[in-house]
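Here is a note on this structure, set out as numbered points. Please read it with the sequence and the model side by side.

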Amino acid sequence: LFAVHLPLAAGVPLPTADRFFTLSRSRRAMLVSDCAAMWRFFEDNADEADHFLPPDNVQETPLRKVAHRTSPTNIGLYLCCILAAADLAFIDAQELCRKVSRCLDTVEKLEKVHGHLLNWYDTQTLCAMHPRYVSTVDSGNFVCCLTALQEGLKEYLHAEPALQTQIDRIESILQQTDFRPLYNEKRHLFYVGMDADRGEKSSSCYDLYMSEARMTSYWCISRAQVPAEHWQALGRTQVSADRYAGAVSWTGTFFEYFMPCLFLPVRPNSFAAESLSFCLHVQRKYAKKHNIPWGLTESGFYSFDPAMNYAYK
C-alpha cells in the first residue's frame, strides 16, 4: 500500500531496478482497486470491539479466525494505512482525524516500558501478552511509522485544524520512547530486545546493515538517542553471485532488504541500492530455477497447530 500510493497519478514514473515506466490508466485502476481491498481489511477489522487496533491476521480456512492480538509494527502500519487511505481519497480529512484519534486513544492507554509498547497485546482486553517483551525492531518500526504519519498529517491541516492535536499527541509518544536502555554502548549496537519482567537484555544484537532494524538505527541517530558511530558499526559483509555483489542479511529474505525502503531513502548507485539490486537478482534467479514465485520471506505456511492456526516459518 505504501509503496504504490504516492506515484499513482497517471504519467508519474515509478522507479524499478533497471528502468522507469509510467502507469497506464488500466494499471492505475488495478492498483487503486488493490489498495481499496487492502483498506477494506482495516475497515472491517480495526473496530470498536478491538479498541480500534488492527488484528495480526485473519485466517479464512479451514476455519475463519481473527487473531485478536497486535504488535507495535501492526499498529504503526495501520496508522500509516489511514494516511494512505486519505491520500487515495478513500476517506476525507475528517475521517482521517477521527480514525487516527481513536487509535491513539488506545495507544496512550497501553502498558509501556521506557515509553516502548510491548511486543504483543490482546486487542480485546488490551492486556500485554506473555512473555512481556520489548522488541527493538518492533519499537523502531512503530516510531518510524509515527514519524511518517506526523509529517503526512501536516499536509491535511488546511482541511482539518483538529489534526494539530493528533500531531502533538504523536510527538509526545515519540519523546517518551527511549531506546537508550536497548543500546549496547560497548558494541555500538542495539540488543534484539529486553525481557520486560526481569529487565534482562537479549544475548544477541542487531549487527547487520541489511536488516529491518536499520529503520530503528536511522531514527535513533536522527533523534540523537544514540551516537552516529552506531551506523558505521553495522556489518556490511558482502557476497557475490554472477558478477553481482551485495551486503548479506541474517536470512536473505525480501523483508530484511526491502521493508525499510518504505520509509528510508535509497539513493541511486549507493551501497544500499546495489545491495537491494543484488537481492532482487539472486531471488529472481532462484525462483526461475525452481519454477516458483520470486520474493521469498517469512510467512504463514500450510501446517496447523492444535488450535488450527497456520504455522509460521
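1. A residue is called buried when its relative accessible area is under 20%, exposed when it is over 50%, and partly exposed in between. R169 has a relative accessibility of 15%, so R169 counts as buried. Keep in mind throughout that the model is predicted.

2. Which acidic residues does R169 meet? One is D105, in a salt bridge with 2.6 Å from N to O. This contact joins distant parts of the chain, since R169 sits in helix α6 (residues 163-176) and D105 in helix α4 (residues 93-109), 64 residues apart. R169 also forms a salt bridge with E108, where the closest N and O atoms are 2.8 Å apart. Here too the pair links distant parts of the chain: R169 belongs to helix α6 and E108 to helix α4, with their positions 61 residues apart.

3. The two partners of R169 can be judged by the cut-offs in point 1. D105 has a relative accessibility of 34%, so D105 is partly exposed. E108 has a relative accessible area of 40% and is therefore partly exposed.

4. Another salt bridge joins R132 and E111, whose closest N and O atoms are 2.0 Å apart. The pair connects distant parts of the chain, 21 residues apart: R132 lies in the loop between β8 (121-122) and β9 (133-135), and E111 in the loop between α4 and β6 (112-113). Is each of the two buried or partly exposed? R132, at a relative accessible area of 13%, is buried, while E111, at 33% relative accessibility, is partly exposed.

5. How many salt bridges are there in total? The count is 15. Salt bridges also link E43, E95, R98 and K99 into a network.

6. Helix α3 covers residues 72-87, which makes 16 residues. At 1.5 Å a residue the helix should span 22 Å, and the C-alpha atoms at its ends are 23 Å apart, so the two values agree. Of the 16 residues of α3, 14 are buried, so the label "mostly covered" fits. Just after α3, A89 has a positive phi of about 65 degrees.

7. A disulfide is a covalent bond between the sulfur atoms of two cysteines. How many disulfides does the model have? The count is 0. For C81, the closest cysteine sulfur is that of C80, 7.5 Å away, and this is too far for a bond because the cut-off is 2.5 Å. C220 is in no disulfide either, as the nearest cysteine sulfur, in C144, is 8.1 Å away. Both C81 and C220 are buried: C81 has a relative accessible area of 4%, and C220 has a relative accessibility of 0%.

8. Strands of a sheet pair through backbone hydrogen bonds, either parallel or antiparallel. In this model an open sheet of 3 strands has the order β10-β11-β13, and the pairing is antiparallel. Which strands are at the edges? They are β10 (183-184) and β13 (205-206), each of which pairs on one side only. Strand β11 (residues 189-191) is joined to β13 by 2 bridges, and these strands run antiparallel. In this region F190 stands opposite Y206, a residue of β13.

How values were computed
Residues numbered from 1 in each chain as written. Predicted model: local features only at pLDDT ≥ 70, side-chain atom pairs only at ≥ 80, totals over all residues. Heavy atoms only, no water. Helix = DSSP H or I, 4+ residues; strand = E, 2+ residues; numbered from the N terminus. Expected span 1.5 Å × (residues − 1). Buried < 20%, exposed > 50% of the residue type's maximum accessible area, 1.4 Å probe, protein only. Pairing = 2+ DSSP bridges. Salt bridge = Lys/Arg side-chain N within 4 Å of Asp/Glu carboxyl O.
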